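Subject: Structure for your review

Dear colleague,

Please find the structure below, handed over for your study. My findings follow it.

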Amino acid sequence: HIQHNTPRLLPLMMETISISGPPLEKIPAHLKTTHSDLKAAQVKTMSFLTYLLRSFAEHIRPYQDNIAGSVVDLLRTCPDNVSTRKELLVATRHVIATDFRKGFHPYVATLLDEEVLVGTGRACYQALRPLAYSLLAELIHHVRTDLNV
């Protein structure tokens, strides 16, 4: 069933991870939990997409640039929840391990911003910093020949 349904689900998954929403500071207090749940669902969808990359890369290839842009947007808008951000960083690392890493080339400068990469919370900073910088080092290693100094 998965081979039959994956091509139909991919556009929906891409649309899901592409939902940006308002900046965190503009979200009313009573909607912060809902926003956090949306971001967690988007990160779970991203994790599932990285699982599909192994078997369905040819179906996902048209979305290569969208995936990178959505990941960076999720990093920007994801609340400072250690488990959610960690799952996103791990999923991103899996994407970077494939040739889909090319989609991240335009975002290297953005990913160099520690607040985007790790988040702003103290717990995220302490728990995720090593993973985040390891991911960044892998990305830079793979795209170093294309970077301008």
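Contact here means heavy atoms within 4.5 Å. By that definition, and not counting residues up to four places away in sequence, L147 touches H105, V108 and I140.

Two remarks on the source are needed early. This is a predicted model, in which local features need pLDDT of at least 70 and side-chain atom pairs count only at pLDDT 80 or more, while totals for chains, interfaces and linings use all residues. Residues are numbered from 1 along each chain as its sequence is written, and side-chain values use heavy atoms, with hydrogens and water left out.

**L147**

L147 is found in the segment after α7 (122-143); helices are DSSP runs (H or I, at least four residues), numbered from the N terminus. Is L147 buried or exposed? Its relative accessibility is 29%, so L147 counts as partly exposed (buried means under 20% relative accessible area, exposed over 50%, partly exposed in between, with a 1.4 Å probe and protein chains only). Between L147 and H105 there are 8.2 Å in space, C-alpha to C-alpha, although the two are 42 residues apart in sequence.

**Helices α3 and α4**

Two packed helices are described by the angle between their axes and the distance between the axes. For α3 (residues 64-77) and α4 (residues 82-96), the angle is about 160° and the axes are 11 Å apart. Axes are lines fitted to C-alpha atoms, for helices over the stretch in contact, and angles run from 0 to 180 degrees between N-to-C directions. The angle therefore makes α3 roughly antiparallel to α4 (under 35 degrees counts as roughly parallel, over 145 as roughly antiparallel, 65 to 115 as roughly perpendicular and the rest as oblique). On the α3 side, V71, L74 and L75 make the contact; on the α4 side, R85, L88, L89 and T92 do so.

Most of α3 is covered, with eleven of its 14 residues buried. Among them are I67, A68 and V72. The buried residues of α3 pack against α1 (2-18), α2 (32-60), α4, α5 (108-111) and α6 (114-117).

**D99**

The loop between α4 and α5 holds D99. D99 has a relative accessible area of 34% and is therefore partly exposed. Leaving aside neighbours within four places in sequence, D99 is in contact with R61 and Q64. D99 and N5, 94 residues apart along the chain, have C-alpha atoms separated by 24 Å.

Yours faithfully,
A colleague

Notes: Helix = DSSP H or I, 4+ residues; strand = E, 2+ residues; numbered from the N terminus.
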